[in-house]
Every structure is written in C-alpha cells, then in structure tokens.
Amino acid sequence: VLLAERIDANGVRHKPTRIRTAGPFGKSRGMYLNRKVRRVEFSDLQPGDAIHIRYRVDEVGSRNMFGDYFGSVVHLQGNIPTKRRVQVYEMPNGRTLYHGEQEPQVARRGDKTSYRWEWRDLPPYVREPRMPGYTEVGRFLSVSTYRGWDEMAAWYARLIRDQFELE
C-alpha cells in the first residue's frame, strides 16, 4: 500500500484506522491463490467521504510455474459505488500485454511500457442468491501476455509433454 486515506466532505485527509496483512489464501472466487493481501480499514466513514488507495503488486517468487507468462483479472466493482478507478501495469519494452475490449493509454518510459486504464462512476456490485459468477455480470479487466487460448494451450502441451503419453 503506497497511500491510503479518507477524504471527508470538507477536503480534510484522514489516515486509515488500520492496515493489516491477511493470507495466504487457498481457493477464492473459484480460483486458487497463493498470495497475501493488505487490508485497509476505515472505522469512521461518513456519507460523502472518498477513499483514496494507491497500491503496487510485484511478482516476488523466485520461479513462475507458468514460465514467462503474466496474467491478471481485476474485479472493478466492489460493495460501494466507485467514483474513479485507475489500473496501471508496467511491462518491459518489447513485452506485449494483451487485454479485452477497452483500449488503454500506452506510454513508453525508459525500458518500460505502461498500460493505463481509467473508469468513472462504477456502480456497486450487488450479489443475489444463485446468480452467475462475477465475470458473467460484473465489470472486470483481464490482461495476459498470451494473445489467446491457442498460445496458452501450446504452453501447457509443452509443460506436460514428458508426463503425458498416449497409448
């Protein structure tokens, strides 16, 4: 967490009540995750307050079990309306980041290329009993270094080639 603050209706900035680490988690929303998360808590929210959080996620493992692959799915809607949401990924130059329909702003600085998306006035995600999964009804951003499923399947075939023999 690089910055976390509550901005009240008068423009006064307040620190969070607490920032804590949770995890690692197992299965979450149908996906297995091996990561820790930081939880930012504000116990004194009032109607009209704005929450401003800036964070950074780094790959810190010594080895990526998926080879040279990078991918991310970000759920854009939460329990409350979102006035403005910005998502930025930095990649080494020459490394393409494939994405869905909305085009990002792309900027090259030194040896990195940044991909930036911005959304405004996102409604809250309201859950109902027996409703489809989030990616069927909620707004999300999906990015990957694979162009499509054919590249992913080719990688997987190479991965299991020595263990998988047909008779």
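Helices (H or I, at least four residues) and strands (E, at least two) are DSSP runs, numbered from the N terminus. The structure on display is a predicted model, in which local features need pLDDT of at least 70 and side-chain atom pairs count only at pLDDT 80 or more, while totals for chains, interfaces and linings use all residues. Residues are numbered from 1 along each chain as its sequence is written, and side-chain values use heavy atoms, with hydrogens and water left out.

**Stop 1: a three-stranded sheet**

Select strand 8 (71-75) and strand 10 (98-99), the edge strands, each of which pairs on one side only. Two strands pair if DSSP finds at least two bridges between them. Now add strand 13 (140-144): the three strands form an open sheet in the order 8-13-10, with antiparallel pairing. How many bridges join strand 8 to strand 13? There are five, and these two strands run antiparallel. To view one place along this pairing, select Val-73, which stands opposite Ser-142 in strand 13.

**Stop 2: the second largest pocket**

Select Leu-76, His-99, Gly-100, Glu-101, Gln-102, Trp-117, Trp-119, Arg-139, Phe-140, Leu-141 and Ser-142, which line the second largest pocket. On a 1 Å grid over the protein atoms alone, a pocket is an open set of points where a 1.4 Å probe fits, with protein on both sides within 12 Å along at least five of seven lines; lining residues have an atom within 4 Å of a point. The volume of this pocket is about 220 Å³; grid points are joined across faces, edges and corners, and a volume is the space filled by probe spheres set on the points.

Which element gives the most to the lining of this pocket? Strand 13 does, with three residues. By class, the lining has five nonpolar, four polar and two charged residues. Here Ala, Val, Leu, Ile, Met, Phe, Trp, Tyr, Cys and Pro count as nonpolar, Asp, Glu, Lys and Arg as charged, and the others, Gly among them, as polar.

**Stop 3: Tyr-146**

Select Tyr-146, in the loop between strand 13 and helix 2 (149-160). Is Tyr-146 buried or exposed? Tyr-146 is buried, with a relative accessible area of 14%; buried means under 20%, exposed over 50%, and partly exposed in between (1.4 Å probe, protein chains only). Add Asp-68: the two residues are 78 apart in sequence and 9.7 Å apart in space, C-alpha to C-alpha.

**Stop 4: salt bridges**

A salt bridge is a side-chain nitrogen of Lys or Arg within 4 Å of a carboxyl oxygen of Asp or Glu. By this rule the count comes to 10.

Select Arg-6 and Asp-44, whose closest N and O atoms are 3.2 Å apart in a salt bridge. This pair links distant parts of the chain, 38 residues apart: Arg-6 is in strand 1 (residues 3-7), and Asp-44 is in the loop between strand 6 (37-41) and strand 7 (50-54). Arg-6 is buried, at 6% relative accessible area, whereas Asp-44 is partly exposed, at 33%.

Finally, select Arg-84, Arg-116, Glu-118 and Arg-120, which are linked in a network of salt bridges. Glu-118 forms a salt bridge with Arg-116, at 3.1 Å between the closest N and O atoms, and another with Arg-120, at 2.8 Å, N to O. Arg-120 counts as exposed, with 53% relative accessibility.
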